[in-house]
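Welcome, and thanks for opening the viewer. Keep your selection tool handy and let's take a short walk together.

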Amino acid sequence: MTAILKNFIGGEWVDGSGVTKNINPSNTNDLVGEYAKADKAQTEKAIAAAKAAFPAWAQSTPQVRYDALNKISLEIIARKEELGRLLAREEGKTLPEGIGEVARAGQIFAFFAGEALRLIGEKGASVRPGLDVELTREPVGVIGMITPWNFPIAIPAWKIAPALCYGNTVVFKPAELVPGSAHALSEIITRSGIPAGVFNLVVGSGSVVGQTLLEHPDVAGISFTGSVQTGRKIAQACVLSNPMKKFQLEMGGKNPLVVLDDADLKTAVEVAINGSYFSTGQRCTASSRLIVTEGIHDRFVAAMTERLSGLTVDDALKAGVHIGPVVDQSQLDQDLRYIKIGQDEGAKLAFGGELLKRETPGHYLQPALFTEANNNMRISREEVFGPVAAVIRAKNYDEALAISNDTEFGLASGICTSSLKYASHYKRNSESGMVMVNLPTAGVDYHVPFGGRKGSSYGAREQGSYAREFYTTVKTAYTFPG
């Protein structure tokens with residue numbers, strides 16, 4: 001009988017009020033594990049533990065925080081093969097992608113270990129004679145973290161690491177669909193030497209655990225990554241709560257990749273394949289709109305279909321697999337629904353979009369490429385979150401730029417060109433938070449800011465030194481020496 005893995009509250013592993021089953025999307029007969037579900041009372045207990053631990057942790061020395069975060073980093077990296085296999089097994093991204101994500105999580109903790117030693121303030125002269133002015137940063141308090149299923153260890157890492165670095169305490173609610181990586185990360189954190197209550201894990205539903213975090217007055221901030229619809233509800237709840245909560249939202253994307261006539265065709269195709277289809281297209285930074293100018297359009301489409309036909313879709317743990325399964329049946333149904341919508345709207349399904357059968361029962365979908373799409377179609381405006389991309393024809397660079405920016409989202413964008421003029425213009429004029437030139441829209445460094453504009457993000461950026469904007473609050477202090 002499989003042991004039910006517990007939640008972590010106030011320094012202890014505790015049973016839950018129910019069980020979440022973790023199913024392998026590459027083999028739905030494979031039960032990855034069973035995980036205790038927290039209820040409202042347990043979530044409130046975790047919040048109380050975090051609140052009680054906050055004063056001492058907020059006053060802890062930079063060395064103490066450095067030591068803890070560095071220890072977490074070292075164990076994650078030492079176990080990246082093992083943890084990467086767990087991640088690929090429960091989420092469905094390929095094993096190399098899973099190992100790479102785990103390594104990134106370790107690097108994030110290492111970065112913020114260093115940041116704990118680098119947090120400084122400012123001191124200056126007042127405009128009033130004889131006064132000194134000091135600007136310092138202090139932790140916010142108890143932070144509730146709500147993370148998605150598509151990056152089950154990297155996204156928790158880039159929330160938890162800065163929160164602990166800057167002296168906050170944490171109540172962590174991972175996605176119920178992928179509790180394995182979250183539980184493994186939590187075990188590592190508990191062995192880092194942090195005091196009881198500083199970090200708490202509560203696996204459970206958004207309607208119970210998430211809602212409790214939003215409503216509880218002792219939660220000072222919410223960091224959320226997920227859908228636009230849920231993000232809007234969180235924003236409203238944080239504003240209406242008493243006291244109001246600080247909140248940070250990372251939501252959807254409908255990211256454009258512009259391909260100009262002067263682009264290197266091979267580079268453009270590889271950039272598009274990687275950005276659109278790797279990780280099964282289940283990335284908020286995926287390039288789902290391929291905006292291609294007329295002079296290269298037909299050659300690009302032909303090269304894309306040829307490249308797609310050579311990709312292997314299979315069990316995420318098998319060697320040589322390019323694309324794993326869709327994460328679960330619900331997401332697969334959504335992908336298939338949008339493929340039908342695209343066809344009904346008049347776009348041409350130039351490749352793929354079919355269900356695939358493999359040795360084991362799983363959620364396998366052939367990557368889909370639409371052509372003859374336009375930017376008014378739903379498949380060009382709504383986030384599918386699967387291995388589906390649409391080619392939109394543009395007359396020239398100016399029209400391509402206009403189409404690129406014609407979206408409610410603004411997370412990532414890209415351009416493939418050999419022209420420094422167009423690359424420079426696009427970097428300046430693309431209405432997105434992150435711009436790539438001759439690179440996939442998906443894939444960013446761990447030490448620089450992550451985030452977007454418009455409907456994609458709200459609040460301070462994540463990752464890098466900019467993370468301090470959310471996880472700290474600024475205090476201005478005046479002194480009259482007398």
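Which residues in H9 meet which residues in H10? Before you select them, note that this is a predicted model.

**First stop: a pair of helices.** Select residues 265-277 for helix H9 and residues 294-309 for helix H10. On the H9 side, show Leu 265, Ala 268, Val 269, Glu 270, Ala 272, Ile 273 and Tyr 277; they meet Ile 296, Arg 299, Phe 300, Ala 303, Met 304, Arg 307 and Leu 308 in H10. Colour these contact residues by character and you will find eleven nonpolar, no polar and three charged.

Now turn to the geometry. The axes of H9 and H10 lie 10 Å apart and make an angle of about 55°, which makes H9 oblique to H10. The crossing of the two helices is right-handed.

**Next stop: a strand residue.** Please select Asn 200, in strand S10, which spans residues 199-201. Is Asn 200 buried or exposed? Its relative accessibility is 0%, so Asn 200 counts as buried. To see what surrounds it beyond its neighbours within four places in sequence, show its contacts: Phe 8, Ile 9, Gly 10, Ala 46, Ala 49, Ala 50, Val 170, Val 171 and Phe 172.

**Last stop: the cysteines.** How many disulfides does the structure hold? The count is zero. Select Cys 238 and Cys 284: the latter has the closest cysteine sulfur to that of Cys 238, yet at 19 Å it is too far for a bond. Then pick Cys 416, whose closest cysteine sulfur is also in Cys 284, 19 Å away and too far for a bond. Cys 238 is buried, at 0% relative accessible area, and Cys 416 counts as buried at 1% relative accessibility.

How values were computed:
Residues numbered from 1 in each chain as written. Predicted model: local features only at pLDDT ≥ 70, side-chain atom pairs only at ≥ 80, totals over all residues. Heavy atoms only, no water. Helix = DSSP H or I, 4+ residues; strand = E, 2+ residues; numbered from the N terminus. Buried < 20%, exposed > 50% of the residue type's maximum accessible area, 1.4 Å probe, protein only. Contact = heavy atoms within 4.5 Å. Axes fitted to C-alpha atoms, helices over the stretch in contact; angles between N-to-C directions. Parallel < 35°, antiparallel > 145°, perpendicular 65-115°, else oblique. Left-handed = near helix turned anticlockwise from the far one by under 90°. Nonpolar A, V, L, I, M, F, W, Y, C, P; charged D, E, K, R; others polar. Disulfide = S-S within 2.5 Å.
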